[in-house]
Amino acid sequence: MNDECKAELQKAVEASKGKTLRELFAKDPARARKFTLSAAGWTLDYSKNLVDRQVMGHLMAMARAAGLAVEIERMFTGERINATENRAVLHTALRNVDPEAQVFVDGRDVMPDVRKTLDRMEEFSIKVRTGKWRGFTGKRIRHVVNIGIGGSDLGPAMASVALTPYSKRSIKCHFVSNVDPTHLAETLRAVKPAETLFIVASKTFTTQETMSNAEAARSWLVERLGDRGAVAKHFVAVSTAAEEVERFGIDTENMFGFWDWVGGRYSLPSAIGLSLMISIGPRNFRKMLKGYSRMDRHFRTAPFERNMPVVLALLGILYSNGYGAQSYAVLPYDQYLSRLSAYLQQLDMESNGKCVDKDGRPVCCDTGPVVWGEPGTNGQHAFYQLLHQGTRFVPCDFIGECRTHNPVGDLHDKLMANFFAQTQALAFGKTADECRAEGVPEGLVPFKTFEGNRPTNTLLADELTPETFGALVALYEHKVFVQGVVWNIYSFDQWGVQLGKVLAKGVLSDLTGERQSFSQDASTNALIERYRKVLGRTRR
């Protein structure tokens, strides 16, 4: 964050503090209308934030001081903005639905390859869904098991749940990511080998967790079907490592590639989404891409004051750096979005959990807030007590839809009544005088008083569809990007995931070798020694 950004943020904080939402709404009856935006099928009401026109003006000036407009264009036009890995960042090209669009990286248009891969995914998905692709014994595929980790798992796993109403119910999707053998074992207990297709998602086909699970799944399949040749009919790959894929036993005709300018946590619209396309079908998958594209277009072209990702990002910075908020909660009032918070944890915390700026110097402010949440109304009976009356300052995003896919009595009305009421309660609270007027005994007044003034954003769509889902994911992607620009950090690398994985290799040899080396630190040595003792791998 440069000095000009800091100055504008400080002005915004000074203009914001001391305001109460009760006063702001009382002064301006049109406040809700003025602080509401619409884009790509979503409405954002941010009127229940500690802002007015003056505060928002300073936040917008901060974005301009950070050179946000230039950085947006650099991303969309394929410049190598991921400088530490010398890569372009072009997940937006994956969902560019304009048939005439050209997007260049180093002078080469990438769109023909994007369209070709999408067409190949569609052709394969149709074969699986219609039964033209059959397993080794001639049976139809009834189960799809996606084996990946991180971005190769969280995106399609979250989307598969979110878009369940659009899925082919006769094909069940499963997702295995954890190298804990329980994850794979419990999944394999739920499927039949002759009816299962495994999708192994690893760009290099060397990712330890993914390949360990894939090799175990292969052994399970071969043992039960009695022929190693069965692998070619039950395994496909999302990878670019043709030799490794072929060595594994997968026909490279059934390998779907993606590119180094696609970060894992942004890769759902790529071949990483193959399991999702099989589930919901190519038509709905393309509708999802259209939703992504609509939000991309809005982000690229809308003025900052009317730009939904920009507004969300700047509000987040106001609370993170101005009010000291360490986290924010994402609270979808839709059971289909039950995995959204987990997905956004990776998107936000892996992107912006950085302690040095683009010049390699320590950052001057907090970055990367903790992201957490649960679907309503479950969360109301878990952690909302802290949101309403706790000492922690936690801004919240509430996400809901006007229509449900499952109209059962008045349940959806009750759900949405809670959805609207919670933002109201967080914003306005209840004063001591209001408690007394309700006849609350004086001794209980302090316990039944709600401070209010807790900021929330409300995101509302007509219905959760492939299009609105794609737009919602793109909204948060661009929000995270904007915050990275203002903080002057690189949002598209993730060096922090490497160190523990490297150290694990040395630890593994100590766990499994004939002798323990005792080359780790004292604590780790002692823990390894205890582990070996329990397993009977005594020191020799």
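Helices here are DSSP runs of H or I with at least four residues, strands are DSSP runs of E with at least two, and both are numbered from the N terminus. The model is a predicted one, in which local features need pLDDT of at least 70 and side-chain atom pairs count only at pLDDT 80 or more, while totals for chains, interfaces and linings use all residues. Residues are numbered from 1 along each chain as its sequence is written, and side-chain values use heavy atoms, with hydrogens and water left out.

An open sheet of five strands, paired in parallel, follows the order β6-β5-β7-β8-β9, where two strands count as paired if DSSP finds at least two bridges between them. Its edges are β6 (172-176) and β9 (255-256), each of which pairs on one side only. Within this sheet, β7 (residues 196-201) and β8 (residues 235-238) run parallel and are joined by four bridges, and alanine 201 has valine 238 in β8 as its bridge partner.

An antiparallel pairing is found between β1 (residues 36-39) and β2 (residues 42-45), again with four bridges, and here threonine 36 is partnered by aspartate 45 in β2. These two strands, β1 and β2, make a hairpin with two residues between them, and alanine 40 in the turn has a positive phi of about 50°. In general, the strands of a sheet pair through backbone hydrogen bonds, either parallel or antiparallel.

Turning to helix α12 (residues 242-248), one finds glutamate 243 within it. Glutamate 243 has a relative accessible area of 61% and is therefore exposed, a term that means over 50% (1.4 Å probe, protein chains only).

Terms used. Buried means under 20% relative accessible area, exposed over 50%, partly exposed in between (1.4 Å probe, protein chains only).
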